[in-house]
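Trainee: I have a model open and a list of labels I want to challenge. Can we go through them one by one?

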Amino acid sequence: MGESGTRLMEKANGQLSEMIEFFGTLDEADLRKPCADESAEHSAGDTVGAVAAHMAEGYRHLGRFLQAAGYVQGQPATGNNHGHDHGHAPEALPSIRDRLTAGKAPLGLLADLTDEQLDSVPPAGSSRFSDGRRTLEQVIDAVIAHQAAHLVTLKRAVA
């Protein structure tokens, strides 16, 4: 286990725990509330449920990226791409909570990353956060920051 990878894993796990705790306070009516997410990929018409579904998929997407780019062993996961189509009907809270909890497994992959891997630069376009200049560590930090921004938006929407 690399020290930097372990630090990233702990940071992301702490954030995921905060997300799970937050989603434990919501009810189904909260999912239908409007959520004006300011990030470029979202429209102002998003609901809490749509952004929540996107967040639930975030760390699973990170795990697929690490596998597809060859940073960790395993085949990239296939299956549905929940959370990236923000126009769909909100999922039920139990489904979102289950998918958030499933995000713990991909985060465990971070501890296996070496400092050499974290200092490498993934090819541009291999992830929406990879621009061909950012190191893998910076890409992972960007994913964590992206998730944090969504969480702030959701908290505002249900306040």
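Mentor: What follows takes labels from this predicted model and tests each against its cut-off.

Trainee: Start with the whole chain. How many helices and strands does the protein have?

Mentor: Seven helices and zero strands. From the N terminus on, the order is α-α-α-α-α-α-α. Of the 159 residues, 45% count as buried. Among contacts with a separation of 6 or more, 70% join residues 24 or more positions apart.

Trainee: What makes Ser130 buried?

Mentor: Its relative accessible area is 7%. Buried means under 20%. So Ser130 is buried.

Trainee: Where is Ser130 found, and what is it in contact with?

Mentor: Ser130 is in the loop between α6 (115–119) and α7 (136–158). Leaving aside neighbours within four places in sequence, Ser130 is in contact with Phe65, Pro122, Pro123, Ala124, Gly125 and Val139.

Trainee: Pro123 is on that list. Why is Pro123 called exposed?

Mentor: Exposed needs over 50%. Pro123 has 53% relative accessibility, so the label holds. Pro123 is found in the loop between α6 and α7. Beyond four places in sequence, Pro123 is in contact with Ser130 and Gly132. The C-alpha atoms of Pro123 and Arg134 are separated by 9.2 Å, with the two positions 11 residues apart along the chain counted as their separation.

Trainee: Now α3. How do you know that its length agrees with the expected span?

Mentor: Take the 21 residues of α3, 48–68. At 1.5 Å a residue they should span 30 Å. The end C-alpha atoms are 30 Å apart, so the two agree.

Trainee: Where is the kink in α3 centred?

Mentor: On Gly58, with a kink of about 35 degrees. Just after α3 comes Gly70, with a positive phi of about 80 degrees.

Trainee: What makes α3 largely enclosed by the rest of the structure?

Mentor: Count the residues under the 20% cut-off. In α3, 18 of the 21 residues are buried, so the rest of the structure largely encloses this helix.

Trainee: Why are α3 and α7 called roughly antiparallel?

Mentor: Their axes come within 10 Å and cross at roughly 165 degrees. Angles over 145 count as roughly antiparallel. So α3 is roughly antiparallel to α7. The crossing is left-handed. On the α3 side, the contact includes Val48, Met55, Gly58, Tyr59 and Phe65. On the α7 side, it includes Val139, Ile140, His146, Gln147 and Leu151.

Trainee: Gln147 is in that contact. How do you know that Gln147 is buried?

Mentor: The relative accessible area of Gln147 is 1%. The cut-off is under 20%. So Gln147 is buried. Gln147 lies in α7. Not counting residues up to four places away in sequence, Gln147 touches Gln15, Met19, Met55, Gly58 and Tyr59.

Trainee: What makes Lys155 partly exposed?

Mentor: Partly exposed lies between the 20% and 50% limits. Lys155 has 34% relative accessibility, so it counts as partly exposed. Lys155 lies in helix α7. Setting aside residues up to four places away in sequence, Lys155 touches Glu18 and Phe22. The C-alpha atoms of Lys155 and Cys35 are separated by 9.6 Å, although the residues are 120 apart along the chain.

Trainee: On to α1. How do you know that the length of α1 agrees with the expected span?

Mentor: The 21 residues of α1 should span 30 Å at 1.5 Å a residue. The end C-alpha atoms of α1 are 30 Å apart, so that agrees.

Trainee: Which residues of α1 are buried, and what covers them?

Mentor: Among them are Gly5, Leu8, Ala12, Gln15, Met19 and Phe22. The cover includes α3, α4, α5 (104–108), α6 and α7.

Trainee: Last one. Why are α1 and α4 called roughly antiparallel?

Mentor: Helix α1 (residues 3–23) and helix α4 (residues 93–102) pack at about 165 degrees, with axes 10 Å apart. The bar is over 145. So α1 and α4 are roughly antiparallel to each other. Their crossing is left-handed. Leu16, Met19, Ile20 and Phe23 in α1 meet Leu93, Ile96, Arg97, Leu100 and Thr101 in α4.

Terms used
Residues are numbered from 1 along each chain as its sequence is written. This is a predicted model: local features need pLDDT of at least 70, side-chain atom pairs count only at pLDDT 80 or more; totals for chains, interfaces and linings use all residues. Side-chain values use heavy atoms; hydrogens and water are left out. Helices (H or I, at least four residues) and strands (E, at least two) are DSSP runs, numbered from the N terminus. Buried means under 20% relative accessible area, exposed over 50%, partly exposed in between (1.4 Å probe, protein chains only). Contact means heavy atoms within 4.5 Å. The expected span of a helix is 1.5 Å times one less than its number of residues. The bend at a residue is the angle between axes fitted to the seven residues ending there and the seven starting there. Axes are lines fitted to C-alpha atoms, for helices over the stretch in contact, and angles run from 0 to 180 degrees between N-to-C directions. Angles under 35 degrees count as roughly parallel, over 145 as roughly antiparallel, 65 to 115 as roughly perpendicular and the rest as oblique. A crossing is left-handed if the near helix is turned anticlockwise from the far one by less than a right angle, and right-handed if clockwise.
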